Amino acid sequence: MPANVARQLNPLRWLGVPVLICAVFSLLLATPIRAFGMQLPEPVFAMVPAFAWAMIRPSVLPPFALLLLGLYLDVLWGGPTGLWPACLLVAYAPVLVLRNVLAGQSFVAMWIWYACSCALAFGFGTYLLMLDAGAMPSLIAVGWQWLVTAALYPFAHSLIERYEDADVRFR
Amino acid sequence: MSLRDSPLGALKVPLTWTAAVALIVAVIAALAFLLGDRRETLRASAYDRVRRSADTVTAPVGKVLSAPVHWAGGIGDYLGSYIDAAGENRRLKVQVAADRQWRDEALRLREENARYRALMGVKTDPPITTVFARTLTDARGPFSNTRLADAGSDKGVIEGNPVLAEHGLVGRVTGVAPGVSRIMMLTDTESRTPVMVARTNARAILTGDGGPSPRLDYLRTHDPVVEGDRVTTSGDGGVYPRGLPVGVVVKELGGGWRVVLDSDASPVDYVQILLFRDFSQLISKPTLDSKAIPSAATEPPRDPPPIAAPAKPKPKPGAAASAAAASVAGKPAVSDKPAAAHAAKPHEGAPSPADAVHKPTTKPAADAPMHKPNPAKPASTKPAGGKPTAKPGAPKPDAPKPHKPPPPDQEAAPF
């Protein structure tokens, strides 16, 4: 067994780097770009680590990393503070509970589970915003953002593949 | 000594449990943040220091990132106009011919409006100072539709200022920091804008829902709107000035009404921030709060009139108001003074009936000529003191009943 595999997983590698990548990509997509007269979609990159971290291993750090990432999205997008942290954590929690059930499933099956967790997060966000603003967001707009976010599963898959077996204690 | 070597090192807690505890703590923190959020209000305190600092940091980054986009857009426009120069020239000639007719009509209407304003003594709105800015970031999701613009408190921008793009209203400022301001778009779920249909003056509230076309809510009257009607700001509430172009009405599949925004006609790269102050910003809240609340015991005693002799019926204008004033004072109406001089005087504290009788108002009311027309000489149509004059023969409104004046905060409240 190689020595580097037997080592414990460095939190900066499996938590810090994805957080940084999500922050940068979210900022890039926040530029006012229009292509062919249409606005570009705005996927929620933070859903990728929210799903992948729960699959990789249970840990104390990911919930707080998601809290920080969600607060960053709220500040960047100017939304209600606390909305995206709550949505990301709501997506993270059931995956963490079902981790043993989901492990080992096929790529397509996992994509469907990822889309379901995204739907849960967006549904919870819609509900919270209804309570906060007293008005229902456009379901078409919610569905459109859910669709482009669900399309990001290959990134989550690569993150899971990279770190799922990295810590020998969680094989 | 490490934890493993300590006596607590033998304590084994399942990692899933600790992860669950961490998850619960994080969820509680997120909900606490959400409950404390007040971004939809116009108060400057609602936009906390963290957001201001974050916007200040994000603005230069967004400026750098959006610069290539603006350059690319400029190059594309240049190339497009160069290639399509001949066709554009033809279109512009047709448009100029059509616009010339509109210009003549506009000049005629402007002159006519100026005469009407002079005749009626209408007080026109003062011109509004504007600040131009460039948008740096754009949030376009269903839960938040906001933009950052590179003009902030250093240029006089404050929370609540309306923001216009090239073709129409886009939103209002909800947060300000030095050099940068946050604009809440009309499409944001928390955006509520008082608007009116230009054709019928029907009032409505433009409600954003994260989609591209906001809803028209709270429409009143029967069939107040048809497809294609233009929508402008109504000015109700004082947050927006009246008459800013908003968009065109379309019918949605469910039967409701939506507005296709004028500002969608072109990219919202550059915006114009109107340094417009609404009522709530003009009036100092501490000043309002410092005023003493009038006593509740302002209603005069309702004693029966001591003299049973009925008042002479006088057909003079204002008699009803005099009677009202006198009845409040506990005496029959015998004064020949203009009714408004008594009736319009509000009670301050609880004046005794004797004061009202023995201390007649010698100073004529400012609007006395309005209430005492000379039958032989019709009232002049010339504005007096900036107020419209009553037409001869027109039904005279009753003088206002003397009552406790409303508290100032009711007049100042924007909604």
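**Exercise 1. Strand partners in chain B**

Task: In this predicted model, find which residue of strand 9 of chain B stands opposite Met196(B), and then follow the pairing of strand 9 of chain B to strand 10 of chain B.

Solution: Begin at Met196(B), which stands opposite Thr232(B) in strand 9 of chain B. Next, look at the strands themselves: strand 6 (residues 192-197) of chain B and strand 9 (residues 230-233) of chain B run antiparallel and are joined by three bridges. Then move on to strand 10 (residues 245-251) of chain B, which is also antiparallel to strand 9 of chain B and is joined to it by three bridges. In this pairing, Arg230(B) has Val248(B) of strand 10 of chain B opposite it. As background, the strands of a sheet pair through hydrogen bonds of the backbone, in either the parallel or the antiparallel sense.

**Exercise 2. The barrel of chain B**

Task: State in which order the strands of the closed barrel in chain B run, and identify the bridge partner of Thr146(B) in strand 5 of chain B.

Solution: The barrel is closed, consists of six strands of chain B in the order 1-2-5-4-3-12, and has antiparallel pairing. On average, neighbouring strands of this sheet are turned by 40 degrees against each other when direction is ignored. Now take one pair from that order: strand 2 (residues 145-149) of chain B and strand 5 (residues 180-185) of chain B pair in the antiparallel sense over four bridges. Within strand 5 of chain B, Met184(B) is the bridge partner of Thr146(B).

**Exercise 3. Helix lengths in chain A**

Task: Decide whether the end-to-end distances of helix 2 and helix 5 of chain A agree or disagree with the expected spans.

Solution: Chain A holds nine helices and two strands, and from the N terminus on its elements follow the order α-α-β-β-α-α-α-α-α-α-α. For helix 2 of chain A, 19 residues at 1.5 Å a residue should span 27 Å, and because the end C-alpha atoms are 26 Å apart, the two values agree. For helix 5 of chain A, the 15 residues should span 21 Å at the rise of 1.5 Å a residue, and the end C-alpha atoms lie 22 Å apart, so here too there is agreement.

**Exercise 4. Burial and the nonpolar core**

Task: Work out which helix gives the largest share of the largest nonpolar core, and how many residues of that helix are buried.

Solution: Start with the chain as a whole, where 47% of the 171 residues of chain A count as buried. In helix 2 of chain A, the buried residues include Trp14(A), Leu15(A) and Cys22(A), and their cover includes helix 3, helix 4 and helix 9 of chain A. The largest nonpolar core has 61 residues, and Phe51(A), Leu88(A), Leu89(A), Ala91(A) and Tyr92(A) are those with the most contacts inside it. Its largest share, twelve residues, comes from helix 5 of chain A, a helix in which 13 of the 15 residues are buried. Finally, follow Leu89(A), whose contacts include Pro63(A) and Leu66(A) as well as Leu23(B) and Ala26(B).

**Exercise 5. Where the chains meet**

Task: Find which element of chain B gives the most residues to the side that touches chain A.

Solution: First count both sides, with 42 residues from chain B and 44 residues from chain A in the contact. Helix 1, helix 2 (49-83) and strand 1 (130-140) of chain B each supply at least two residues of the side that touches chain A, and helix 1 of chain B gives the most, with 13 residues. By kind, the residues on this side of chain B divide into 19 nonpolar, 14 polar and nine charged.

Conventions
Residues are numbered from 1 along each chain as its sequence is written. Chains are lettered from A and ligands numbered from 1 in the order in which they are written. This is a predicted model: local features need pLDDT of at least 70, side-chain atom pairs count only at pLDDT 80 or more; totals for chains, interfaces and linings use all residues. A nonpolar core is a set of buried Ala, Val, Leu, Ile, Met, Phe, Trp, Tyr and Cys residues joined through C-beta atoms within 7 Å. A residue is buried if 20 or more other C-beta atoms lie within 10 Å of its own, exposed if 12 or fewer, and partly exposed in between; C-beta atoms are placed from the backbone. Two residues are in contact if their C-beta atoms, placed from the backbone, lie within 7 Å. Ala, Val, Leu, Ile, Met, Phe, Trp, Tyr, Cys and Pro count as nonpolar, Asp, Glu, Lys and Arg as charged, and the others, Gly among them, as polar. Two strands pair if DSSP finds at least two bridges between them. The expected span of a helix is 1.5 Å times one less than its number of residues. Axes are lines fitted to C-alpha atoms, for helices over the stretch in contact, and angles run from 0 to 180 degrees between N-to-C directions. Lists of a residue's contacts leave out its neighbours within four places in sequence.
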